[in-house]
Amino acid sequence: MPTSDFRFKQFTIRHDRSAMKVGTDGVLLGAWAGQLSTPNSKLSTLNSKPSTLNPKPSTLNCLDVGTGTGLIALMLAQRFPTAAIEGIDIDEASIEQAKENVEASPFKTQITLKKADFSNINSCFNQYNLIVSNPPFYKEDTLGGKEARDKARHTTSLPFETLIANAAKLLVKDGLFCVIIPYQSANDFISICLENRLYLTRRVNIRSTERKPFIRVLLEFSTSIQPSETSILTLYDTQQKRTVEYQELTNDFYL
């Protein structure tokens with residue numbers, strides 16, 4: 001069974017009651033979304049141009065769609081100290097546990113959490129500079145019979161088309177939309193975004209080792225057309241240790 005605690009440098013995540021547990025996908029997205037490039041950084045291959053996410057700090061509003069344990073919301077709060085972050089999820093138990101995780105963190109004044117279905121956006125949602133999501137991506141034929149986990153993991157609860165269309169409606173001018181999805185789904189996802197006038201600005205193809213195929217992809221879209229960059233992130237070296245790039249990306253979070 002997964003441990004009930006996952007400790008990061010500045011906060012701890014309990015995930016025993018959440019439909020989704022702490023995983024590498026969420027950590028990667030939380031560390032990468034809206035990232036500003038750093039001069040002479042070893043991450044230059046991941047992020048060689050400055051992000052367009054650069055409004056005045058007091059005006060930065062972020063939305064985490066499918067927040068689960070609150071992990072990504074907490075990571076964004078740590079990275080953007082004056083930002084206001086909203087986290088939503090359709091699972092009541094996940095939201096309650098996320099609230100406990102946020103309340104026990106140094107970032108509780110920055111984050112608000114609520115049970116909400118992103119398939120039905122209405123006046124309770126704001127306009128955002130940054131929308132992030134580690135969305136459900138499994139198909140119907142892999143349903144496991146556990147309702148909460150199935151909703152968290154399967155596209156039936158939030159199809160890509162709905163996620164993208166609603167994100168496009170809620171982004172401010174020059175706002176960013178960032179996701180992590182299976183590598184094989186990337187081209188379809190990019191096409192749907194283009195139909196909704198969301199334009200690819202950064203793409204990172206992810207593999208566990210150099211000899212393994214790509215398994216995930218980080219994608220960043222903007223409401224304005226900009227140059228697009230593609231790079232590769234390999235997570236582990238031949239000794240199964242984190243690569244320099246992976247370490248630098250997550251250094252502010254992993255113990």
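Student: Which residue forms a salt bridge with Lys99?

Tutor: A quick word first: this is a predicted model, where local features need pLDDT of at least 70 and side-chain atom pairs count only at pLDDT 80 or more, while totals for chains, interfaces and linings use all residues. Residues are numbered from 1 along each chain as its sequence is written, and side-chain values use heavy atoms, with hydrogens and water left out. A salt bridge is a side-chain nitrogen of Lys or Arg within 4 Å of a carboxyl oxygen of Asp or Glu. For Lys99 the closest N and O atoms are 3.9 Å apart, and the partner is Glu96.

Student: How many residues apart are Lys99 and Glu96 in helix H3?

Tutor: Helices (H or I, at least four residues) and strands (E, at least two) are DSSP runs numbered from the N terminus. Within helix H3, about one helical turn separates Lys99 and Glu96, because their spacing in sequence is 3 residues.

Student: Which class fits Lys99, buried, partly exposed or exposed?

Tutor: Buried means under 20% relative accessible area, exposed over 50%, and partly exposed in between (1.4 Å probe, protein chains only). Its partner Glu96, at 33%, is partly exposed. Lys99 has a relative accessibility of 36%, so Lys99 counts as partly exposed.

Student: Which strand holds the residue that pairs with Asp25 of helix H1?

Tutor: Asp25 is itself buried, at 16% relative accessibility. The side chain of Asp25 meets that of Arg216 in a salt bridge of 2.7 Å, N to O. The pair ties together parts that are 191 residues apart in sequence, because Asp25 lies in helix H1 and Arg216 in strand E9.

Student: Which residue joins Asp5 and Arg7 in a network of salt bridges?

Tutor: Asp5 and Arg7 form a salt bridge, with the closest N and O atoms 3.5 Å apart. Asp5 is partly exposed at 22%, whereas Arg7 is exposed at 51%. The residue linked with them in the network is Arg14.

Student: What is the nearest side chain of opposite charge to the buried residue Arg203?

Tutor: Arg203 is found in strand E8, and a polar contact of 2.8 Å joins its side chain to that of Asn205. A polar contact is a pair of N or O atoms within 3.5 Å; within protein, one must be able to donate a hydrogen and the other to accept it, and residues adjacent in sequence count only if both atoms are side-chain atoms. Lys and Arg count as positive and Asp and Glu as negative, with His and the chain ends not counted. Arg203 has no salt bridge, and at 11 Å the nearest side chain of opposite charge is Asp188.

Student: Which helix supplies the largest share of the largest nonpolar core?

Tutor: A nonpolar core is a set of buried Ala, Val, Leu, Ile, Met, Phe, Trp, Tyr and Cys residues joined through side-chain atoms within 4.5 Å. The largest one has 41 residues, of which Phe8, Phe11 and Ile111 touch the most other members. Elements that each supply at least two residues include helix H1, strand E5 and helix H7. The largest share, 7 residues, comes from H2.

Student: What is the relative accessible area of Gly30?

Tutor: Gly30 is found in helix H1. Leaving out residues up to four places away in sequence, Gly30 is in contact (heavy atoms within 4.5 Å) with Ile72, Met75, Leu76 and Arg79. Gly30 is buried, and its relative accessible area is 0%.
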